[in-house]
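Let's take a walk through this model together, with the sequence and the coordinates open side by side. We will look at how the chains meet, what holds them in register by charge, and where the nonpolar residues gather.

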Amino acid sequence: MTDAAPGQTIGPFFHHALAYPGDSELVPFGAAGSVVLHGHVYDGAGTPVPDAMIEIRQADAEGVVPAVEGSLRRRGAAFTGWGRCCTDTSGRYWFSTVEPGGATPFFAVTVFARGLLDRLFTRIYLPDGADTVDGLVAEREADGRLRFDIHLQGENETVFFSFPRHRS
Amino acid sequence: MTTSQHEISDEIAKIQADSPRGAPLLDFPPYRSSLLRHPTKELRHADPEGVELVAPVFGPSDVAPVEADLTVQRGGEPIGERIRVHGRVVDGDGRPVRRQLVEIWQANAAGRYSHQGDQHPAPLDPNFTGVGRCLTDDDGWYTFTTIKPGPYPWRNHHNAWRPAHIHFSLFGTDFTQRLITQMYFPGDQLLALDPIAQSISDPAALQRLTASYDHSLSEHEWLLGYRWDIVLTGSHATHMEASDD
């Protein structure tokens, strides 16, 4: 296996390049059957991180992982199963999407941030799903939204994953 | 902020002497912003599941060919040294990463980003956004035409300067191959002083982030060419599946 290129921090100046209209709306906000997945990204002092970027990859409501283009220019068309959200000035991210179906419903998540020297992988499981990982289950709020905070460090540090055939 | 470059370089040297690893060290105090943002727990090893085994799909509806030329986006010529960056994206088994999204962003020739957060008192270039996108072709090749970015100061320590670099965002064939990194230029004296580049303690690994000048890519009276190939981590797809593609 050839040695891979190492990662580097996303740095502070990515917003004008990576953010785009509709990036965090896998389905239009408020659409029938949609859900809001949101939370904050925190550093080791509990301070919100305003220059993080979160990406999600997911199956559709039936558990099928989409293989269609159109994530960058959605135009209200197909559900592509992928979205991106830069945290706002209060460290908050949000997605408008559908709850994934299937046997192991979770959102696959990639975390980037200034100060974080390489990307991190984690998962967000649904509160009523089976086969979850402790600490990685979204909270169902009274209004139906799903909340999941990401802690890069500290007492509540999020569980991050490495996968075989990938460097840590 | 009174820490000197000499002190930072000493910190880097001490850490690197103990850490002959290839990947960036997430706990790397010479990069001050990493102090409160690096995870402290061991990563949890997991087998990827269905949704992680396939990358999102990008195609012609997502990216227009003109987005790969950062010198024509504003109707006027950006200032600086016109360059082309060309290379091939492959996975850890040498298979081309086909028709996947490559995004770049960078400072202008004077070392300033077209970003409201960048207050470095260097001129903005009204004809340069520093943002580009393309899809790899059927054999994994990408090409960008752009302007060579300038180095710029930052506040990590006294007299801290980032080496010239282009940020790259790449998708592989698995979601777990996702990579954001930075391409550096050959012969840059600032690389050895830079805590972000030096978070990669293995010199061979850092070398993999450095483009090479390629005269065969340069064009007469027009631009200079750089070659930079990118190896993503191994894919979980089998060779059988790949050969059917």
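In this predicted model, 70 residues of chain A are in contact with 79 residues of chain B. Between them the two chains bury about 6,500 Å², with 58% of that area on carbon and sulfur atoms. Gln8(A), Phe13(A) and Leu117(A) supply 12% of the area that chain A buries against chain B, more than any other three residues.

Charged pairs are a good next stop. The whole structure holds 26 salt bridges over all chains, and seven are found across the interface of chain A and chain B. Here are some of them:

| Acidic residue | Basic residue | N to O distance |
|---|---|---|
| Asp51(A) | Arg114(A) | 2.5 Å |
| Glu55(A) | Arg178(B) | 2.6 Å |
| Glu103(B) | Arg84(A) | 2.8 Å |
| Asp149(A) | Arg147(A) | 3.0 Å |

Glu103(B) lies in strand E3 (residues 101-106) of chain B and Arg84(A) in strand E3 (residues 82-86) of chain A, so their salt bridge joins two chains. Both partners are buried: Glu103(B) has a relative accessibility of 1%, and Arg84(A) has 0%. This pair also belongs to a network of salt bridges with shared partners, made up of Glu55(A), Arg73(A), Arg84(A), Glu67(B), Glu103(B), Arg133(B) and Arg178(B).

The Asp51(A)–Arg114(A) bridge links distant parts of its chain, 63 residues apart. Asp51(A) sits in the loop between strands E1 and E2 of chain A, and Arg114(A) in the loop between E5 and E6. Asp51(A) counts as buried at 10% relative accessibility, whereas Arg114(A), at 24%, counts as partly exposed.

Now for the nonpolar interior. In the largest core, which has 90 residues, Tyr93(A), Tyr142(B), Phe168(B) and Ile230(B) touch the most other members. Strand E5 (residues 106-113) of chain A gives the most to this core, with six residues. A second, separate core of 14 residues includes Phe13(A), Leu18(A), Met53(A) and Tyr113(B).

Which side of helix H1 of chain B is buried? Gln5(B), Ile8(B) and Ile12(B) are its buried residues, and they cover an arc of only 65° around the axis, which puts them on the same side of the helix. They pack against strand E7 (160-162) of chain B. The face turned away carries the exposed residues His6(B), Lys14(B), Ala17(B) and Asp18(B). With 14 residues at 1.5 Å each, H1(B) should span 20 Å, and its end C-alpha atoms are 20 Å apart, which agrees.

Terms used
Residues are numbered from 1 along each chain as its sequence is written. Chains are lettered from A and ligands numbered from 1 in the order in which they are written. This is a predicted model: local features need pLDDT of at least 70, side-chain atom pairs count only at pLDDT 80 or more; totals for chains, interfaces and linings use all residues. Side-chain values use heavy atoms; hydrogens and water are left out. A nonpolar core is a set of buried Ala, Val, Leu, Ile, Met, Phe, Trp, Tyr and Cys residues joined through side-chain atoms within 4.5 Å. Buried means under 20% relative accessible area, exposed over 50%, partly exposed in between (1.4 Å probe, protein chains only). Helices (H or I, at least four residues) and strands (E, at least two) are DSSP runs, numbered from the N terminus. The expected span of a helix is 1.5 Å times one less than its number of residues. The arc is that of the directions from the helix axis to the C-beta atoms. Contact means heavy atoms within 4.5 Å. Buried area is the accessible area (1.4 Å probe) that two parts lose on being put together, summed over both. A salt bridge is a side-chain nitrogen of Lys or Arg within 4 Å of a carboxyl oxygen of Asp or Glu.
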